[in-house]
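Colleague: I should like to go through this model with you, starting with its enclosed spaces and then turning to helix packing. Where shall we begin?

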Amino acid sequence: MSAFWTLLKRDLLLQVREGGAVGTALGFYLVVVTMMPLGLGPDLNLLSRIAPGVLWIALLLSALLSLPRIFEADDEDGSLEVIATGDLPLELATAAKALAHWISTGIPLALLAPVLGLLLNLELSAYPVLVATMFAGTPAISFLGAVGAALTLRVRRGGLLLALLVLPLYIPTLIFGIAAISAATGGPSGVQASFLILSAISLFSLVLGPVAAAAAIRFQTQ
Amino acid sequence: MTPSDVTSQQSLTQRLANPTRFMQLSGTLMPWLAGAAAALILYALYLAFFVAPEDYQQGQTVKIMFIHVPAAWLAMMGYALIAISSFGYLVFRHPLADVSAKAAAPIGAAFTFLALATGSLWGKPMWGTYWVWDARLTSMLILLFLYFGLIALRSAVEDEALAGKLCAVLGLVGVTILPIIKFSVDWWNTLHQPASVIRMDGPTIHPDLLWPLLVSAIGFSLLFFALHAKGMRNEILRRRLRSLTIAEVDRARGASAAAAAG
């Protein structure tokens, strides 16, 4: 298990010391959310109504942008093959890398979301639920995204293909994330139900993602 | 053990693992399959246009159902077939499973598109719009995206053997998440609008409409299997041709190297 934590720590350190990736994702998130009022008009009532959807969709796109980096650098310098042949089961190695992606990208994006909510006039009662759902939902983005990143690892210009493969898989996360927020602002369903289902989806992808990603990597590094 | 003893001990799927035997069997079955599909579809169309009564609410547009419902059903069956083939390829290394998964993807995508297109043509007179964000329509659209993803991944990876394995992984991931997507889309729809818009299953209960629908469903299923078998045959031939070409190039290269050495 110590190999797992070492790998996680290494990936996080690389993210911090290389810089760039996290900042780019955050900047992209900011710019996309800023584009929305410019495209839809500055009507605050309208913005307040669509704010949860805009925040979630922009978050998905920002996270998508950084997905290829989960395995790319390690594949280029050959360390992915070393990891694949090492003692640590590849399933756990991919889990560590996806977890590092969540900590380095998912959490910062989830923390930025309420700030951007101010720009969109999001209702005050929605903020705690917004942050909670994003914390509960972003693991699914990283772990399902790892599958897409592994599948398109050696595909030239794989980024577009990655989006096509992964975005349909994000639909349940998106739906229940928004269902929970709209419930908090007076929607018909309960916050708790949507939140629990969202967490269940994240737990499910926590199991499915690393296994599928490991299989895809094993086929390519053989 | 004689070869025939070995053959008799194998299950059908094991025996079909031999591409030559598959080619023989599918070659013999093909005309019957295609003929039966054509006959049943023509009969279903005859029933639909001349025998089946109009629906008292939907009028003539109910006849779209005879193509729409089988297409929607086959769209889902196509993905199930891909999932089973992917499993067979990854777990049992069945050599034809990958061929089957590859052949099924475009056919399944075509039927999904057909279901969506006929549905929206029916929707225009019935609902007054070509597209409604209803749960069923949305999940069919997402199914189409999953098909597109499989086709795109296969065409993006150059190494054919690797492409097959990666597509098998994607196919299995897709089929695992598909029920969750379906469930979440159903939830999403009922959250926003009452589920009273569509009563597609209303008229199907009447036997006068059910019978042509069943004939049509069987006919289109046979069409699916005929197309699938044809696609598999084409793929096997294409792979043979490819390996023959590679062998030819190797031989020519060896000959030229020998000539240069001599």
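**Cavities and helix packing**

Modeller: Let us begin with the second largest cavity, whose lining comprises seven nonpolar residues, one polar residue and no charged ones. Please bear in mind that this is a predicted model.

Colleague: What volume does the second largest cavity have?

Modeller: The volume is about 50 Å³.

Colleague: And which residues line the second largest cavity?

Modeller: From chain A there are A:Leu164 and A:Leu165, and from chain B there are B:Tyr79, B:Phe145, B:Leu146, B:Gly149, B:Leu150 and B:Leu170.

Colleague: Which helices supply at least two residues each of that lining?

Modeller: Those are helix H8 of chain A, residues 158–166, and H6 of chain B. The largest share, four residues, comes from H6(B).

Colleague: How many cavities of 30 Å³ or more does the structure hold?

Modeller: There are four of them. The largest cavity has a volume of about 80 Å³. Its lining consists of 15 residues, and B:Ile82, B:Ala101, B:Lys102, B:Arg154 and B:Cys167 are the closest to its centre.

Colleague: Which helices supply at least two residues each to the lining of the largest cavity?

Modeller: Four helices of chain B do so: H4 (65–92), H5 (95–127), H6 (135–156) and H7 (160–192). H5(B) provides the largest share, with five residues.

Colleague: How does the lining of the largest cavity divide by class?

Modeller: Nine residues are nonpolar, three are polar and three are charged.

Colleague: Let us move on to packing. H8(A) came up earlier; at what angle do H7(A) and H8(A) pack?

Modeller: Helix H7 of chain A, residues 127–151, packs with H8(A) at about 140°, and the axes are 9 Å apart. An angle over 145 degrees would count as roughly antiparallel, so H7(A) and H8(A) are oblique to each other. H7(A) passes H8(A) in a right-handed crossing.

Colleague: Which residues make that contact?

Modeller: H7(A) contributes A:Leu144, A:Gly145, A:Gly148, A:Ala149 and A:Leu151, while H8(A) contributes A:Leu162, A:Leu165 and A:Val166. By class, the contact has six nonpolar residues, two polar and no charged. One of these residues, A:Leu165, also lines the second largest cavity.

Colleague: What about H3(A) and H6(A): what are the angle and the distance between the axes?

Modeller: H3(A), residues 44–66, and H6(A), residues 90–119, pack at about 150° with their axes 10 Å apart. Angles over 145 degrees count as roughly antiparallel, and H3(A) and H6(A) are therefore roughly antiparallel to each other. The crossing of H3(A) past H6(A) is right-handed.

Colleague: Who are the participants in that contact?

Modeller: On H3(A) they are A:Leu55, A:Leu59, A:Ser62, A:Ala63 and A:Ser66. On H6(A) they are A:His101, A:Thr105, A:Leu109, A:Ala110, A:Ala113, A:Leu116 and A:Gly117. The contact of H3(A) with H6(A) has seven nonpolar residues, five polar and no charged.

Colleague: One last pair: how do the axes of H2(A) and H3(A) come together?

Modeller: The axes of H2(A), residues 21–40, and H3(A) come within 9 Å and cross at roughly 145°. H2(A) passes H3(A) in a right-handed crossing. The contact includes A:Phe28, A:Tyr29, A:Met36 and A:Pro37 of H2(A), and A:Leu46, A:Ile50, A:Val54 and A:Leu65 are among the residues from H3(A).

Colleague: What is the class make-up of the contact of H2(A) with H3(A)?

Modeller: That contact has 17 nonpolar residues, one polar and no charged.

Definitions and conventions. Residues numbered from 1 in each chain as written. Chains lettered and ligands numbered in written order. Predicted model: local features only at pLDDT ≥ 70, side-chain atom pairs only at ≥ 80, totals over all residues. Heavy atoms only, no water. 1 Å grid on protein atoms, 1.4 Å probe; cavity = no way out; pocket = protein on both sides within 12 Å on 5 of 7 lines; lining within 4 Å. Points joined across faces, edges and corners; volume = space filled by probe spheres on them. Nonpolar A, V, L, I, M, F, W, Y, C, P; charged D, E, K, R; others polar. Axes fitted to C-alpha atoms, helices over the stretch in contact; angles between N-to-C directions. Parallel < 35°, antiparallel > 145°, perpendicular 65-115°, else oblique. Left-handed = near helix turned anticlockwise from the far one by under 90°. Contact = heavy atoms within 4.5 Å.
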